[in-house]
Amino acid sequence: MSSYNAPIRDMQFVMKELAGMDAVAALPGCEDASADLVDAVLEEANKFASGVLAPLNRVGDTQGARWNDGVVTTTPGWKDAYTQFAESGWTALACDPEYGGQGLPKLVATAVMEMWKSANMAFSLCPMLTSGAIEALMLRGSDAQKNAYLPKMVSGEWTGTMNLTEPAAGSDLAAVRTRAEPQGDGTYKIFGQKIFITYGEHDMTDNIIHLVLARLPDAPEGVKGISLFVVPKFLLNADGTPGERNDVHCVSIEHKLGIHGSPTAVLAFGDQGGAIGTLIGEPNRGLEYMFIMMNEARFAVGMEGLALSERAYQQALAYAKDRVQGTEAGVRGGPKVSIIRHADVRRMLMSMKSQIEAQRALAHVVAAAFDFAHKHPDADERARNQAFVDLMIPVVKGWFTESSIEITSTGVQVHGGMGFIEETGAAQHFRDARITAIYEGTTAIQANDLIGRKIAKEGGATVKALLADIRELDSQLAAATAPEFAAIRTALSAGVKAVDEAVAYIVATFGTDIKAASVGSVPFLKLLGIVAGGWQMARAALVSAQRLAEGQGDASFYQAKIVTARFYADHVLSQASGLAYTVVNGAAGALDLAEDQF
């Protein structure tokens with residue numbers, strides 16, 4: 001079994017050199033995020049992730065959560081770990097100080113989030129969903145709801161969920177049929193069933209705060225008729241403590257391919273007279289409010305993909321250094337060597353390493369933009385950064401998770417036959433990764449959002465602004481004399497051209513032939529991710545070259561950054577032109593067969 005140690009040096013590099021940690025720390029409300037504090041947070045988070053959460057990852061997979069007569073018991077060790085997690089203040093890291101939070105920037109929370117997810121993804125899902133529920137209540141809850149629920153949720157004493165999916169309403173939320181009946185006293189009775197509810201029932205806290213989509217009696221059909229309600233597992237006493245059990249019960253949990261430690265509940269509301277809830281915000285705006293949670297969750301799920309890739313890479317690298325097999329190519333009669341000396345194993349490891357570093361850099365840049373969008377004093381800067389965040393959320397969610405399936409599979413391949421054996425743990429990362437491209441909106445949903453709402457709707461304005469930013473690197477890359485930079489420049493220039501061509505096609509086609517545009521939506525998402533990742537790798541290489549010229553810092557680290565960026569250009573960014581070709585030309589082959597010809 002593998003251990004885990006957070007890649008703190010790389011996190012510090014991308015936070016400071018690429019994401020602009022100093023500028024984030026200068027934003028109103030972020031002044032406490034000094035370099036010393038951030039370094040201390042990362043060190044302590046790594047201690048908790050590696051020392052407490054990572055050792056539970058395997059037992060979570062092998063034993064998992066258990067359901068018995070409506071009661072869910074989490075994996076042995078889970079409850080104690082969660083208590084330590086909350087008492088250490090990790091649930092409050094990025095929350096509003098008004099309700100007990102520490103108020104640290106999203107940029108810092110993103111690095112810490114990666115650690116939780118690498119160490120133990122199944123465990124991390126509980127605080128992740130709670131964070132989304134906190135955000136929704138913060139932005140749309142009433143003062144009474146905020147005061148009743150937020151202090152306990154921020155402290156980790158209570159957890160939160162989001163309840164969208166029903167047996168007949170998966171991704172099509174227009175089909176939601178859970179109903180809410182007004183009681184005349186400001187409360188509602190909720191009736192219906194929700195499925196796939198992560199941590200919908202567990203034994204780690206004494207209350208669970210469910211955010212539930214339901215329809216009012218006079219609601220219009222479709223997504224415009226959905227409202228959002230807060231429905232606690234236990235109703236609150238006058239003093240705010242948990243009291244009478246509400247009419248929401250777990251009727252089963254799912255048996256899954258992966259994330260076995262995370263209970264995925266089927267919840268029944270109202271089987272014994274009606275679950276009591278209160279309306280969040282205005283009637284019939286529930287889907288809009290739920291998207292607050294969903295965007296938080298989509299970014300976080302993208303981080304799951306990255307985190308699992310990192311965990312798989314660490315394990316594959318350790319195995320490749322330890323496993324002795326065969327002689328080195330070109331060395332006749334040479335000694336047996338560890339498999340990292342074999343060319344294709346090096347290629348696989350570099351493929352893993354380069355994509356992880358590109359994605360980590362992009363994630364932190366997006367997180368910093370999130371901070372600027374919320375806290376920058378200039379309205380134009382807030383709007384510009386928000387547009388970038390909105391563009392990148394589906395890329396982070398879709399590209400990171402699809403890549404994680406490939407990268408964790410490569411981790412199995414590096415192990416050879418031992419990777420197929422559960423005891424090594426390599427297979428768990430692969431199995432756990434598979435859900436990330438499905439929940440919180442499949443890759444196709446992310447891609448349709450990207451080409452429809454984020455590209456076609458605005459004529460490609462935000463993505464064109466992004467391409468202009470990337471083009472600004474060209475002169476710096478041209479001025480760099482090392483051969484690595486010529487390769488990076490060539491590949492990045494071709495990547496920008498590929499995105500430009502694909503965007504032009506989507507803008508021209510979406511309004512007249514939406515099916516043709518949609519065939520290329522996922523390839524376009526991957527294309528934009530790869531090029532955005534290449535942008536960050538080029539920036540990282542330029543910074544590293546500058547630091548080497550200055551004689552500052554760890555020369556080996558910076559040299560590795562440049563070589564890794566070169567590999568990314570040659571092996572990953574080089575895919576861009578082919579993906580653009582598919583976006584522009586791929587519709588006929590996908591759409592021309594009649595159904596009976598399949």
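Helices (H or I, at least four residues) and strands (E, at least two) are taken here as DSSP runs, numbered from the N terminus. The structure is a predicted model, in which local features need pLDDT of at least 70 and side-chain atom pairs count only at pLDDT 80 or more, while totals for chains, interfaces and linings use all residues. Residues are numbered from 1 along each chain as its sequence is written, and side-chain values use heavy atoms, with hydrogens and water left out.

We can begin with the overall fold. The protein contains 20 helices and 14 strands. Its C-alpha trace spans about 80 × 60 × 55 Å along the principal axes. The radius of gyration, taken over C-alpha atoms, is 24 Å, in agreement with the value near 25 Å that a compact globule of 598 residues would have; the globule rule is 2.2 Å times the number of residues to the power 0.38. Contacts (heavy atoms within 4.5 Å) reach far along the chain: of those with a separation of 6 or more, 75% join residues 24 or more positions apart.

Burial and surface come next. Residues are called buried under 20% relative accessible area, exposed over 50% and partly exposed in between, with a 1.4 Å probe and protein chains only. By this scale, 56% of the 598 residues are buried. The protein exposes about 24,000 Å², of which carbon and sulfur atoms supply 53%; these areas come from the Shrake-Rupley method with a 1.4 Å probe, and for residues only the protein chains shown count as cover.

The charges were considered as a set before turning to individual pairs. Lys and Arg count as positive and Asp and Glu as negative, with His and the chain ends not counted. Each charge is placed at NZ of Lys, CZ of Arg, CG of Asp or CD of Glu. The protein has 51 positive and 68 negative charges, and their mean positions are 5 Å apart. Side chains of opposite charge can pair when their charged atoms come close. With a salt bridge defined as a side-chain nitrogen of Lys or Arg within 4 Å of a carboxyl oxygen of Asp or Glu, the structure holds 30 of them.

One of these salt bridges joins R177 and E221, whose closest N and O atoms are 3.2 Å apart. This pair links distant parts of the chain, 44 residues apart: R177 sits in the loop between strand 3 (159-163) and strand 4 (179-182), and E221 in the loop between strand 6 (208-214) and strand 7 (227-232). R177 is partly exposed, at 49% relative accessible area, whereas E221 is exposed, at 60%.

A helical example is offered by D344 and R347, which form a salt bridge with closest N and O atoms 2.6 Å apart. Both belong to helix 9 (residues 343-375), and because they are three residues apart there, about one helical turn separates them. D344 has a relative accessible area of 42% and is partly exposed; R347, at 37%, is partly exposed too.

R285 and E282 also meet through their side chains in a salt bridge, at 3.2 Å from N to O. R285 is partly exposed at 29% relative accessibility, and E282 is partly exposed at 43%.

Salt bridges further link D10, E114, E310, K353, E357, R360 and K561 in a network. Of these, K561 deserves a closer look. K561 lies in helix 18 (residues 555-571) and is buried, with 4% relative accessibility. Apart from neighbours within four places in sequence, K561 is in contact with D10, F13, E357, A540 and S544. S544 is placed in helix 17 (residues 521-550) and is buried at 0% relative accessible area. With neighbours within four places again set aside, the contacts of S544 are F13, Y558, K561 and I562. K561 and S544 are 17 residues apart in sequence, and their C-alpha atoms are 6.7 Å apart in space.

Two loop residues round off the picture through their backbone angles. N284, in the loop between strand 12 (275-279) and helix 8 (286-322), has a phi near 65°, a positive value in a residue other than glycine. N284 is partly exposed, with a relative accessible area of 25%. E440 lies in the loop between helix 11 (426-434) and helix 12 (443-456). Its phi is near 60°, a positive value for a residue that is not glycine, and E440 counts as buried at 17% relative accessibility.
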